Amino acid sequence: MGGDWFETVRLHFGRTLLVIGDVMGHGLEAAVDMNAYRSVLREIASTELAPHRVLRRLDALSAADEGRRPATCLLVRIDPARRTAVYASAGHLPPALFGGDGRGALVDVPVGPPLGTGVGGYEAFARPIRDDQTLLLYTDGLVERRGEDIDTSLSRLAALRMAPGAPLADVVDAVCGGLDAGHAEDDVAVLAARLRPRPDPSRTHGA
């Protein structure tokens, strides 16, 4: 039981908001705060605000509750029609993007302060996303190792190779296996996402 969570929120026009977060601390209290963050975030996200504005509002509401623990959070709004992903981060580790060749790279998202500090200062970062790319969101338990520099830990994640076109469940299993998540020192949450391929017009019209 802990404060790690992930979420997908359906938005208008076929868009989806991907969410992953981590409340600082462990145990029942972290889990209670996690549920509070999760509930409020879903309510704010339903207003169709941009991801960085969702974080801004969530931060302000959380800061007003003196008993709420800070949390990191990463939002990614996927727009399949425009083939774009809009990122916003509140102190969270960068997502990884695996290409059609199975090679991975970290997405350099501007990082604001954790939620609950009341500082704000979140930015949106947009970039294209292709059908053959797999986006991976995760909490720090997946990569962090005691006594190891975080850059070394993140490089290990980016160095993983995925089987091209592998099902998302297999991607998650490969990541967790490749980073030995079963022996992680902290809770682990992982979320993998990929655009659905566009229908082939030639097949649709029987050409």
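This report walks through the cores, aromatic pairs, a pocket and some individual residues of a predicted model.

## Two nonpolar cores

Let's start on the inside. The largest nonpolar core of this predicted model has 22 residues, and those with the most contacts inside it are Leu 55, Cys 73, Leu 75 and Leu 115. Six elements each give two or more residues to this core: strands S1 (2–10), S2 (16–26), S3 (71–79) and S4 (84–90), together with helices H1 (27–45) and H2 (51–63). Helix H1 gives the most, with six residues.

Cys 73 is a good place to see how these parts meet. Leaving out residues up to four places away in sequence, Cys 73 touches Trp 5, Val 19, Ile 20, Gly 21, Leu 41, Leu 55, Ala 88, Ser 89, Ala 90, His 92 and Leu 115. Apart from the largest core lies another core, of 18 residues, and among them are Leu 93, Leu 136, Leu 160 and Met 162.

## Two aromatic pairs

Searching the whole structure turns up two aromatic pairs. One of them joins Trp 5 and Tyr 37, which are stacked, with 6.2 Å from centre to centre and 10° between the planes. Trp 5 belongs to strand S1 and Tyr 37 to helix H1, so this pair ties together parts that are 32 residues apart in sequence. Both partners are hidden from the probe: Trp 5 is buried, with a relative accessible area of 2%, and Tyr 37 is buried too, at 0% relative accessibility.

The other pair is made by Tyr 87 and Phe 125, and it is tilted, with 6.1 Å centre to centre and 40° between the planes. Because Tyr 87 lies in strand S4 and Phe 125 in strand S8 (residues 125–128), the pair ties together parts that are 38 residues apart in sequence. Here the two partners differ in exposure. Tyr 87 is buried, with a relative accessible area of 1%, whereas Phe 125 counts as partly exposed at 26% relative accessibility.

## Around Tyr 37

Tyr 37 has further company besides Trp 5. The charged end of Arg 68 sits over the ring of Tyr 37, 5.2 Å from the ring centre.

Ser 62 brings the two residues together in one contact list. This serine lies in helix H2 and is buried, at 2% relative accessibility. Neighbours within four places in sequence aside, Ser 62 is in contact with Tyr 37, Arg 68 and Gly 116.

## A pocket with acidic residues in its lining

The second largest pocket holds about 190 Å³ of space. Its lining has 14 residues, and those nearest the centre are Asp 22, Thr 72, Asp 140, Glu 144 and Asp 186. Strand S2 gives the most to this lining, with five residues. Strand S2 is also one of the elements that give two or more residues to the largest nonpolar core.

## Two exposed loop residues

Now for the outside. Arg 146 lies in the loop between strand S9 (134–138) and helix H3 (150–158) and is exposed, with a relative accessible area of 73%. What separates Arg 146 and Glu 185 in sequence and in space? The two are 39 residues apart along the sequence, while their C-alpha atoms are 8.1 Å apart.

His 183 is found in the loop between helix H4 (168–178) and strand S10 (190–193). This histidine counts as exposed, at 64% relative accessibility. Its C-alpha atom is separated by 28 Å from that of Gly 165, and the two residues are 18 apart along the chain.

## Backbone angles to check

Two loop residues are worth a look on a backbone plot. Phe 13 has a phi near 60°, a positive value in a residue other than glycine. Phe 13 is placed in the loop between S1 and S2, and it is exposed, with a relative accessible area of 75%.

Glu 48 has a phi near 70°, again a positive value in a residue other than glycine. Glu 48 lies in the loop between H1 and H2 and is partly exposed, with a relative accessible area of 24%.

Methods
Residues are numbered from 1 along each chain as its sequence is written. This is a predicted model: local features need pLDDT of at least 70, side-chain atom pairs count only at pLDDT 80 or more; totals for chains, interfaces and linings use all residues. Side-chain values use heavy atoms; hydrogens and water are left out. A nonpolar core is a set of buried Ala, Val, Leu, Ile, Met, Phe, Trp, Tyr and Cys residues joined through side-chain atoms within 4.5 Å. Buried means under 20% relative accessible area, exposed over 50%, partly exposed in between (1.4 Å probe, protein chains only). Helices (H or I, at least four residues) and strands (E, at least two) are DSSP runs, numbered from the N terminus. Contact means heavy atoms within 4.5 Å. Rings of Phe, Tyr and Trp (its six-membered ring) pair if their centres lie within 6.5 Å; planes under 30 degrees apart count as stacked, over 60 as edge-to-face and the rest as tilted. A charge sits over a ring if NZ of Lys or CZ of Arg is within 6 Å of the ring centre and within 35 degrees of the ring normal. On a 1 Å grid over the protein atoms alone, a cavity is a set of points where a 1.4 Å probe fits but cannot get out, and a pocket is an open set with protein on both sides within 12 Å along at least five of seven lines; lining residues have an atom within 4 Å of a point. Grid points are joined across faces, edges and corners, and a volume is the space filled by probe spheres set on the points.
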